[in-house]
Amino acid sequence: MTEQPQPNPELKQAEHPRPAPRQHPTDLLKQAALVEFAAHGYEGASLQEIASKAGYTKANLLYHFGSKQGLFEQAVLEALGAFEELVDSLQHLDIGTEDRRLVDPFVDFLLQHRLAVHMFVNHRSTGAGEFIATRVDPIIERLVAALSEDDSDRALRIAIGLAGVTYCLANENIPGEARMQEPTRDELVDALTFISATRR
C-alpha cells in the first residue's frame, strides 16, 4: 500500500498568512500626528488633517486626546519612555563617550524616534515648548551627568557630540521638506564617536 504524502503545515501557513493585527485608532492618530507636527510645527499642525490622514474624524481625535496638547504629549510619550530607558541602562556603566555601548543605542534611539526628536529639537518656542523642556531636558541632564563623572571638559564633549548628531538627524528629510542625502547609521555612529571623544 502506497503511503499518502502528508501535508506540510508550514506550507499551509504560507499559503494562508494571518492578517496583520489591526492597529488601535489611538496608535494611528499618534503616528499621523507625529508626521503632521514634524512637517508643519506644533502651531501649524491641523487636527482635522491629522484625523483625516489616520482615517478618523476630528471629533474622534478629540474624544481620545482632548486637545492638540493632549495629542502631542501622547504622540511623543513612546520616545520619552525609550529615552529614559536608554539613560537608565547607562547609569552604572563605566564607559567613555566613544564606547559603542553608548554610541550605538543612542543612534538607534534617534533613528527609531526621529519625528519625535525633531519636535524636541526644533519646537521649543511653540505651545509644546514647556512640555518638551520639563520632560526632555531632565533626561538629557541625567545622561550627561551619568557619563561625565564631575569632569566638566568631558561633560562638554558629551553634550556637543550628542547635540550635534541629534540636530543633524532631526533636520534630515522631514516630511514636506526637500529631500537631502541622509547620513547612514554608520556615519552617525562615527560622527558621534569622533566629536565626543576629541580632546582639546
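These are my notebook entries on a predicted model, kept in the order in which I looked things up.

**Entry 1: the chain as a whole.** I began with the secondary structure and found 10 helices and zero strands, so the pattern I wrote down along the sequence is α-α-α-α-α-α-α-α-α-α. I then looked up burial and noted that 38% of the 200 residues of the chain count as buried. For the contacts, I took those between residues at least 6 apart in sequence, and of these 68% join residues at least 24 apart.

**Entry 2: helix 2.** How far does helix 2 span between its end C-alpha atoms? I read 23 Å for residues 25-44, whereas a straight helix of 20 residues would span 28 Å at 1.5 Å a residue. I next looked for a bend in helix 2 and found one of about 85° at Ala-38. Ala-38 is also one of the buried residues of this helix, and the others are Thr-26, Leu-29, Ala-32, Ala-33, Leu-34, Glu-36, Phe-37, Gly-41 and Tyr-42. When I asked what covers these buried residues, the elements I found included helix 3 (47-54), helix 4 (58-65), helix 5 (68-90) and helix 7 (114-122).

**Entry 3: aromatic pairs.** I searched the model for paired rings, and the count came to five aromatic pairs. One of them is formed by Tyr-42 and Phe-72, which I recorded as edge-to-face, with 5.7 Å centre to centre and 85° between the planes. Because Tyr-42 lies in helix 2 and Phe-72 in helix 5, this pair ties together parts that are 30 residues apart in sequence. I checked the accessibility of both partners: Tyr-42 is buried with a relative accessible area of 7%, and Phe-72 is buried with a relative accessible area of 0%.

I then turned to Phe-83 and Phe-109, an aromatic pair that is stacked, with 5.0 Å centre to centre and 20° between the planes. Phe-83 lies in helix 5 and Phe-109 in helix 6 (residues 100-112), so here the pair ties together parts that are 26 residues apart in sequence. Both Phe-83 and Phe-109 are buried.

**Entry 4: around Tyr-42.** I returned to Tyr-42 to see what else surrounds its ring, and found that it forms one aromatic cluster with Phe-37, Phe-72 and Phe-131. I also noted a charged side chain here, since Lys-68 lies over the face of Tyr-42, at 5.4 Å from the ring centre, where the cut-off is 6 Å.

**Entry 5: the nonpolar core.** Which residues of the largest nonpolar core touch the most other members? Among its 45 residues, I found these to be Phe-72 and Phe-83. Helix 5 gives the largest share of this core, 10 residues. I listed the contacts of Phe-83, leaving aside its neighbours within four places in sequence, and obtained Phe-106, Phe-109, Val-136, Ile-139, Ile-140 and Leu-143. For context I added that, in soluble globular proteins, nonpolar side chains tend to be buried together.

**Entry 6: Pro-105.** My last look-up concerned a proline in helix 6, Pro-105. Is Pro-105 buried or exposed? Neither label applies, because its relative accessible area of 29% makes Pro-105 partly exposed, where buried would need a value under 20% and exposed one over 50%. I finally noted that the C-alpha atoms of Pro-105 and Val-189 are separated by 9.6 Å, while the two residues are 84 residues apart along the chain.

Terms used: Residues are numbered from 1 along each chain as its sequence is written. This is a predicted model: local features need pLDDT of at least 70, side-chain atom pairs count only at pLDDT 80 or more; totals for chains, interfaces and linings use all residues. Side-chain values use heavy atoms; hydrogens and water are left out. Helices (H or I, at least four residues) and strands (E, at least two) are DSSP runs, numbered from the N terminus. The expected span of a helix is 1.5 Å times one less than its number of residues. The bend at a residue is the angle between axes fitted to the seven residues ending there and the seven starting there. Buried means under 20% relative accessible area, exposed over 50%, partly exposed in between (1.4 Å probe, protein chains only). Contact means heavy atoms within 4.5 Å. Rings of Phe, Tyr and Trp (its six-membered ring) pair if their centres lie within 6.5 Å; planes under 30 degrees apart count as stacked, over 60 as edge-to-face and the rest as tilted. A charge sits over a ring if NZ of Lys or CZ of Arg is within 6 Å of the ring centre and within 35 degrees of the ring normal. A nonpolar core is a set of buried Ala, Val, Leu, Ile, Met, Phe, Trp, Tyr and Cys residues joined through side-chain atoms within 4.5 Å.
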